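Visitor: Before the terms are applied, may I ask that each one be justified from its criterion?
Guide: Certainly; the structure is shown first, and the reasoning follows.

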Amino acid sequence: MLISKPNRKKHGYTQHLNAPPDKVFPLLCPVLEAEWAPGWMPESVYTESGVCEQECIFITPPGIPSEVENAIWIVSNHDLKNWIVEMYKVVPHHSISKLVISLSGEHNNRTAAHISYEITAIGMAGNEFLEEFTKDWYEKFMSDWENAMNHYLDTGKMIA
């Protein structure tokens with residue numbers, strides 16, 4: 001048995017989105033994300049409803065932005081009433097990530113999306129990734145995501 005202290009990093013960011021939370025929350029879904037996020041196309045989605053829900057499972061293949069090999073995602077909390085979604089992403093021999101997104105309304109029918117990623121390395125490749133998972137890298141990733149979603153909210157089309 002190998003017992004070791006985890007190599008882990010966590011970053012948070014608040015996006016400001018151009019729609020109210022009830023319009024934004026459904027877009028935090030592996031199926032609907034394909035409508036607004038460039039390059040996003042899960043390989044498989046396991047869901048009773050056809051969209052994101054509690055215990056939804058999806059797989060993203062290599063080639064998706066930031067994926068080095070197949071990643072398995074499990075939605076552990078999908079709280080429509082409070083606009084919170086939490087999921088875990090497992091990349092074998094690489095890392096386990098916890099993603100938490102909570103939405104709150106802002107003035108002018110806008111949304112504050114509080115997004116945190118906590119990544120734990122479970123292999124050498126994961127340790128190498130954590131070296132690159134800096135605050136600057138994360139803020140750029142979140143800013144690009146924010147721009148893509150706002151473009152979609154404003155135009156109904158995916159950003160080019």
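Guide: Two strands pair if DSSP finds at least two bridges between them. In this predicted model, 7 strands form an open sheet in the order E1-E7-E6-E5-E4-E3-E2, with antiparallel pairing.

Visitor: What makes E1 and strand E2 (44–46) stand at the edges?
Guide: Each has a single partner strand, so one side of E1 and one side of E2 are left without a neighbour in the sheet. Neighbouring strands of this sheet are turned by 20° against each other on average, direction ignored.

Visitor: How do you know that E2 and strand E3 (residues 57–60) pair?
Guide: The criterion is at least two bridges. E2 and E3 are joined in the antiparallel sense over 3 bridges, so the criterion for a pair is met. As for individual residues, Val45 has Phe58 in E3 as its bridge partner.

Visitor: Which helices lie against the sheet, and at what angles?
Guide: Helix H2 (residues 124–132) lies across E1 and E7 and runs at about 140° to E7. H3 packs on the sheet, where it touches E1, E6 and E7, and its direction makes about 30° with that of E1.

Visitor: How do you know that the span of helix H3 (residues 135–155) agrees with expectation?
Guide: At 1.5 Å a residue, the 21 residues of H3 should span 30 Å; the end C-alpha atoms are 30 Å apart, and therefore the two values agree. H3 is followed by Gly156, which has a positive phi, near 80°.

Visitor: Which residues of H3 are buried, and against what do they pack?
Guide: The buried residues are Tyr138, Met142, Trp145, Glu146, Ala148, Met149, Asn150 and Tyr152. They pack against strand E1 (8–17), helix H1 (21–24), strand E6 (95–106) and strand E7 (110–121).

Visitor: How many aromatic pairs does the structure hold, and why is the pair of Phe129 and Trp137 called edge-to-face?
Guide: The structure holds 12 aromatic pairs. The ring centres of Phe129 and Trp137 are 5.8 Å apart, within the 6.5 Å limit, and their planes stand at 85°, over the 60 degrees required, so the pair is edge-to-face. Both residues belong to one aromatic cluster, whose members are Trp36, Tyr117, Phe129, Phe133, Trp137, Tyr138, Phe141 and Trp145.

Visitor: Why are Phe129 and Trp137 classed as they are, buried or partly exposed?
Guide: Phe129 has a relative accessible area of 18%, under the 20% cut-off, and therefore counts as buried. Trp137, at 32% relative accessibility, lies between the 20% and 50% cut-offs, so Trp137 counts as partly exposed.

Technical notes:
Residues are numbered from 1 along each chain as its sequence is written. This is a predicted model: local features need pLDDT of at least 70, side-chain atom pairs count only at pLDDT 80 or more; totals for chains, interfaces and linings use all residues. Side-chain values use heavy atoms; hydrogens and water are left out. Helices (H or I, at least four residues) and strands (E, at least two) are DSSP runs, numbered from the N terminus. The expected span of a helix is 1.5 Å times one less than its number of residues. Buried means under 20% relative accessible area, exposed over 50%, partly exposed in between (1.4 Å probe, protein chains only). Contact means heavy atoms within 4.5 Å. Rings of Phe, Tyr and Trp (its six-membered ring) pair if their centres lie within 6.5 Å; planes under 30 degrees apart count as stacked, over 60 as edge-to-face and the rest as tilted. Axes are lines fitted to C-alpha atoms, for helices over the stretch in contact, and angles run from 0 to 180 degrees between N-to-C directions.
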